[in-house]
Amino acid sequence: MTTPRRVTWTEANARRIARQHLAVPAPAEESSPAAVTGAMLGAHAQVLSAAELSVALRLEAATRATVRDALRADGTLVKTYGPRGTVHLLPSADLPLWTGALSAIPAGADPMPPDVRMTEEQTEAVLTAIGEALADRDLTVDELTDAIVERTGPWAGDRVMEAFQDKWPRWRQVTHRAAHRGVLCFGPNRGRRVTYTNPHRVLPGFTPIDGAAAQAELVRRYLRAYGPASPRYFARWLAAPRGWAGEVFAAAAASGEIEEVVYEGGSAWVVAGDTDFPAEPPEGVRLLPYFDAFAIASQPRELLFPGRAFERALGGGQAGNHPVLLVDGTVAGVWHQRRSGRRIAVTVEPIAGGTLSPRRRRALEEQVERVGEVLEGRAELSVGKVAVGPHA
């Protein structure tokens, strides 16, 4: 019996950083926003500007316009509901994989109150209505509501769903499910209004991959990007049931697609044969925006956010609430940007000791300058306390 390889946090973190294009940005002539986003397994895009920054920082000479063109002009990126039911940018070519995998994850307990939630029959009726309504046109949420009500009945439009000090129509509780089923994604904005469209209009010939095959491939891609990892980490990343994740990993192990390693004293998994790790620890200074994929998916989280960083840069253990400063691969501070015209005031708050060495200060200045280039402005650095709270 072969003894499982032992992998340290430093080795795993160095490989993740390299594969995330955080050590060296991907060469523009060899890569693209879609390729970089694919390596990240999606860019969280609830705040689209944060997703643009996440992607462009990983691509040599890219700006936010580079990412916008991939989304709006050439269509190689799509905005939709991805992991955890949250808004993401994903490569359009990967939509069959994502929809096949996400739609086959067992649903957990319905969080909606009994008088708000829909039956399975109602849900299926709404999903069918969404697919039909968006088959040949882009619709705003109000237009889509009217189209759904016309096809299903007034109950679908009842404003009973609590949302942001407002009431949303009943059908909107399954918006992310519609995306996972492959009948909805975001269309081009109409002025300031969001529109939805059918993925068939983004990717002609689109068909979700079989669920089991898609989930097996997603496990492989996840482990290449963020392994070694356990089923528990995979479930957390997807906001999926742990038992289901264990079954998916067990099936992949039984077929020889993944192999076990010892990681930080416990059992974890990598893609079979993918056991080469960098010999040198990660180096460098990086600024990552809200909900960057690396900060969310890398585990164990207490090693990525060591010491005081765990309290300062996380929100109840949840990553992404603050933009973070990475120094040599771990979170060493938080930061904030405020824009006025072309001027972008960047405040960085180091956590460990409150100061930066001259070498790291120069590296930080270069990173701030790069942030300014991506955002098509002129960034100015100040080092001090970040006074604003999460999501500011």
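Here are some worked exercises on the pockets, cavities, sheets and helix packing of this predicted model.

**Exercise 1. Describe the largest pocket: its volume, the residues closest to its centre, and the elements that line it.**

Solution. Start with the volume, which comes to about 1600 Å³. The lining counts 47 residues, and those closest to the centre are Gly-85, Gln-173, Thr-175, His-176 and Arg-177. Next, go through the secondary structure. At least two lining residues each come from β3, α5 (95–103), α6 (120–133), α7 (141–152) and α8 (175–181). Helix α8 supplies the largest share, with 5 residues. Last, sort the lining by class: 24 residues are nonpolar, 13 polar and 10 charged.

**Exercise 2. Do the same for the second largest pocket, and find which element gives the most to its lining.**

Solution. This pocket takes up about 380 Å³. Its lining has 17 residues, with Leu-71, Arg-72, Phe-186, Gly-187 and Pro-188 the closest to the centre. Two or more lining residues come from each of α4, β3 and α9 (199–202). The top contributor is β3, which gives 3 residues. Split by class, you get 8 nonpolar, 4 polar and 5 charged residues. Strand β3 is worth remembering here, as it also supplies at least two residues to the lining of the largest pocket.

**Exercise 3. How many cavities of 30 Å³ or more does the structure hold, and what lines the largest and the second largest?**

Solution. A search of the whole structure turns up 4 such cavities.

- The largest holds about 70 Å³ of space. Its walls are made by Ile-17, Leu-22, Ala-23, Pro-282, Glu-283, Gly-284, Arg-286, Leu-326, Asp-328 and Gly-329. That lining breaks down into 5 nonpolar, 2 polar and 3 charged residues.
- The second largest holds about 50 Å³. Around it sit Met-40, Leu-41, Gly-42, His-44, Arg-84, His-88, Trp-237, Phe-291, Ala-293 and Ile-296. Here the count is 6 nonpolar, 3 polar and 1 charged.

Keep Trp-237, one of the residues lining the second largest cavity, in mind for the next exercise.

**Exercise 4. Work out how α10 and α11 pack: what is the angle between their axes, and which residues meet?**

Solution. Two packed helices are described by the angle between their axes and the distance between the axes. Take the geometry first: the axes of α10 (residues 211–226) and α11 (residues 231–238) come within 12 Å and cross at roughly 100 degrees. Angles of 65 to 115 degrees count as roughly perpendicular, so α10 is roughly perpendicular to α11. Now the contact itself. From α10 come Leu-218, Val-219 and Tyr-222, and they meet Tyr-233, Phe-234, Trp-237 and Leu-238 of α11. By class, that contact has 7 nonpolar residues, with no polar and no charged ones. Trp-237 has now turned up in the helix contact and in the lining of the second largest cavity.

**Exercise 5. Lay out the sheet that holds β2, β3 and β4, and place α4 against it.**

Solution. The order is β2-β4-β3, in an open sheet of 3 strands with antiparallel pairing. At the edges you find β2 (43–44) and β3 (77–81), each paired on one side only. Strand β2 is joined to β4 (residues 87–91) by 2 bridges, in the antiparallel sense. Within β4, Leu-89 is the residue opposite Ala-43. Then add the helix: α4 (residues 64–73) lies across β3 and β4, and runs at about 80 degrees to β3.

**Exercise 6. In the sheet β5-β9-β8, why is one side of β5 and of β8 left without a neighbour?**

Solution. First, the layout: 3 strands make an open sheet with antiparallel pairing, in the order β5-β9-β8. Strands β5 (139–140) and β8 (185–186) stand at the edges with a single partner strand each, so one side of each has no neighbour in the sheet. For β5, the link to β9 (residues 195–197) is antiparallel and uses 2 bridges. Thr-140 has Thr-195 of β9 as its bridge partner.

**Exercise 7. Which residue in the hairpin of β6 and β7 takes a positive phi?**

Solution. Begin with the pairing: β6 (residues 159–163) and β7 (residues 166–169) run antiparallel over 4 bridges. Ala-163 stands opposite Asp-166 of β7. The hairpin has 2 residues between the strands, and Phe-164 is the residue with a positive phi, near 50 degrees.

Technical notes. Residues numbered from 1 in each chain as written. Predicted model: local features only at pLDDT ≥ 70, side-chain atom pairs only at ≥ 80, totals over all residues. Heavy atoms only, no water. 1 Å grid on protein atoms, 1.4 Å probe; cavity = no way out; pocket = protein on both sides within 12 Å on 5 of 7 lines; lining within 4 Å. Points joined across faces, edges and corners; volume = space filled by probe spheres on them. Nonpolar A, V, L, I, M, F, W, Y, C, P; charged D, E, K, R; others polar. Axes fitted to C-alpha atoms, helices over the stretch in contact; angles between N-to-C directions. Parallel < 35°, antiparallel > 145°, perpendicular 65-115°, else oblique. Contact = heavy atoms within 4.5 Å. Pairing = 2+ DSSP bridges.
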